[in-house]
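Hi everyone, thanks for making time. Please have the sequence and the model open while I talk, and stop me whenever a term is unclear.

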2 protein chains.
Amino acid sequence: METFHPIVWSGDAKSGHLKLLDQTRLPEEEVYLECRDVESVWHAIKRLSVRGAPAIGISAAYACVISAQSGGGEAALDFAAEYLATSRPTAVNLFWALGRMRGVRPADPDTLLAEAKKIHEEDKAMCLKIGVHGLGILKKLAEGSTERFGILTHCNAGALATGGIGTATAPIYMAHEEGVAIKVFADETRPLLQGARLTAFELFRAGVDVRIIADNMAGLVMREGKVGMVIVGADRIAHNGDTANKVGTYSVAVLAKHHGVPFYVAAPTSTFDLAIKDGSEIPIEQRASEEITHGFGRRTAPEGALVYNPAFDVTPAELITGIITDRGVISPVNAFNVDRAMRGE
Amino acid sequence: METFHPIVWSGDAKSGHLKLLDQTRLPEEEVYLECRDVESVWHAIKRLSVRGAPAIGISAAYACVISAQSGGGEAALDFAAEYLATSRPTAVNLFWALGRMRGVRPADPDTLLAEAKKIHEEDKAMCLKIGVHGLGILKKLAEGSTERFGILTHCNAGALATGGIGTATAPIYMAHEEGVAIKVFADETRPLLQGARLTAFELFRAGVDVRIIADNMAGLVMREGKVGMVIVGADRIAHNGDTANKVGTYSVAVLAKHHGVPFYVAAPTSTFDLAIKDGSEIPIEQRASEEITHGFGRRTAPEGALVYNPAFDVTPAELITGIITDRGVISPVNAFNVDRAMRGE
């Protein structure tokens, strides 16, 4: 399956650098940022040139390789990892990947690059496993459907957000390859429109039947009977299954419940934060007002108007039908079943 | 109370013309369109320079005056009314106002202008009455609230949408004048951002505490306990109380129900269409894909991507706590109570 390569290591360990597809410029331009120092990776994460929990983790891992290129060893690695951890507060994959990189010995470019590539490859493999588990659910739900089976997704948990074929999109790509008749509704996902700019972009290019809707139309398409399943990604999942994901996910979950539509989260094991009991402990990043008041370069709100702009919200476990992981599907969603899945049972 | 004057008749009946505040250019510029023929009013309605069910009706009434200025009498009036009726299909106030104007005899500019001004004045008075009824509900719900009482609204059913202080905003303006501590959450309302561009604009200028949120945050602010009441406008209300309003209203109603937040519709009598049994018979206008794919002058979706862009959705009566009209509050919402209210009981 041909997908995007949003994260590319170019060259050898000692003098190579990281290329990141600048997702802020999609769908208009496909341009790579050439990151030759840790700061530029930090900025790329901060300004969402690279985004999506798994992709952030992978990028930070490669940034650790760069940190060791000037021979600073463990001290330089630790310093870089602490700095990179300040880029975004919610996605736990960032801290998970940095933790793994900090444990690498010796802390030289070659050994670090091997570990970063391993994280990257593992993520790719996790996407495939999520795809297999999700495809099983999708096909079961689509059984007997006389029309194209409708799948609604929010934000982008696709190839652009991971090292592989995405998390939420993995079952979609696989269903498409198998010839299952599907139709995807992509919430455009304000304020930064990751649904319209990224999800619709990558699915459309892959030939998947995808339709963009404004976020506020999710309830309507469900009421019209067009949606058989919701799948979204995750930025951090607490021990009890409460899930932080792009703001708006919670509203979609409530709407799905009202309409009796199964609501699934798809995420790799690295997105779970077992140290956190429930969603109330997940830090939520607040972002700049301008994302809402000056979308797309034009002022769309009165000067001085106040804005509330959290980047994420938390969907409580009881609204989630199941969490599709690389280690199987957690359902019903609760701490006991999360523990079981993490142990690989 | 100082409000906007989005619709102004300038000059006498025989040679005067209609000035419409071009709402597509708000909040950046306050510019009036000078309409000296029926076509320019038709275009102003079509392209949403003037919008909001009551304001569309009033504008169409003034356009009928213009149609009679060249001495065409009844024939010219009928022709103009039929043409104007094709501008937008959902808001019933348009057809209601045109019906009233077609009944005017003699069909000369002076008599027609008197009727158009009467429609305009009546709408202004209806806003005040809606405000009084709504304020009673608002104050009761806000009683004992230790924080500012939160009100969520969608789209713009404000002064900019009417001949007066708005429908959904009327109780808000009155509460503000009385010093009731309120805080308004304005859904930005994709695709055309009437909430951010218009509602936040007029409330902010009036000194009301207003905060813009992306549509997908409505569920979140309700979950956070910040919303004590939802008030929205209406474009057409069926006999049983099913209500067509700006797309996204239905999702807000479902979210309100899930969180136990009272959900009110505010609308003048002219928005009811008793000829229609329920919401399934209300025609829903489909608008151009570009509103979603090229918002704000920049392409935000891949070339060729498909879009679903209905301008309205229908909220079923059972999700509506009450309909606040100029003739009192309809609650519970059903055909029997609608009939009673229409008879003024």
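Let's start with a pair of residues in chain A: A:Y264 has A:G322 in β14(A) as its bridge partner. The two strands involved, β10(A) and strand β14 (residues 322-325) of chain A, run parallel and are paired over three bridges. A word on terms: strands (E, at least two residues) and helices (H or I, at least four residues) are DSSP runs, numbered from the N terminus, and two strands pair if DSSP finds at least two bridges between them. Strands of a sheet pair through backbone hydrogen bonds, either parallel or antiparallel.

Before I go on, please keep in mind that this is a predicted model: local features need pLDDT of at least 70, side-chain atom pairs count only at pLDDT 80 or more, and totals for chains, interfaces and linings use all residues. Residues are numbered from 1 along each chain as its sequence is written, chains are lettered from A and ligands numbered from 1 in the order in which they are written, and side-chain values use heavy atoms, with hydrogens and water left out.

Back to β10(A). Strand β7 (residues 229-232) of chain A also runs parallel to β10(A), joined by three bridges, and there A:V232 sits opposite A:V265. Is strand β10 (residues 263-266) of chain A covered on one face or both? Both: A:F263 and A:V265 are buried on one side, A:Y264 and A:A266 on the other. Buried means under 20% relative accessible area, exposed over 50%, and partly exposed in between, with a 1.4 Å probe and protein chains only.

Chain A also has an open sheet of four strands, in the order β11-β8-β9-β13, with mixed pairing. Its edge strands are β11 (272-273) and β13 (312-315), each pairing on one side only. Strand β9 (residues 243-246) of chain A runs antiparallel to β13(A), with four bridges between them, and A:T243 is matched with A:T315.

Now, how do the two chains meet? In contact (heavy atoms within 4.5 Å) are 58 residues of chain B and 58 residues of chain A. The area buried between them is about 4900 Å², and carbon and sulfur atoms give 62% of that. Buried area here is the accessible area (1.4 Å probe) that two parts lose on being put together, summed over both.

The rule finds two salt bridges across this interface, where a salt bridge is a side-chain nitrogen of Lys or Arg within 4 Å of a carboxyl oxygen of Asp or Glu. One of them joins B:R190 to A:E188, with the closest N and O atoms 2.5 Å apart. On the chain B side, elements that each supply at least two residues include α7 (194-205), α8 (218-223) and β12 (306-307). The largest share, seven residues, comes from α9(B).

Strands pair across the chains too: strand β6 (residues 210-213) of chain A runs parallel to β12(B), with two bridges, and A:I212 stands opposite B:V307.

Last stop, a helix in chain B. Which residues of helix α6 (residues 170-178) are buried? They are B:A170, B:P171, B:I172, B:Y173, B:M174 and B:A175. Among the elements covering them are α5 (109-142) and β4 (149-153) of chain B. Right after α6(B) comes B:G179, with a positive phi near 80°.
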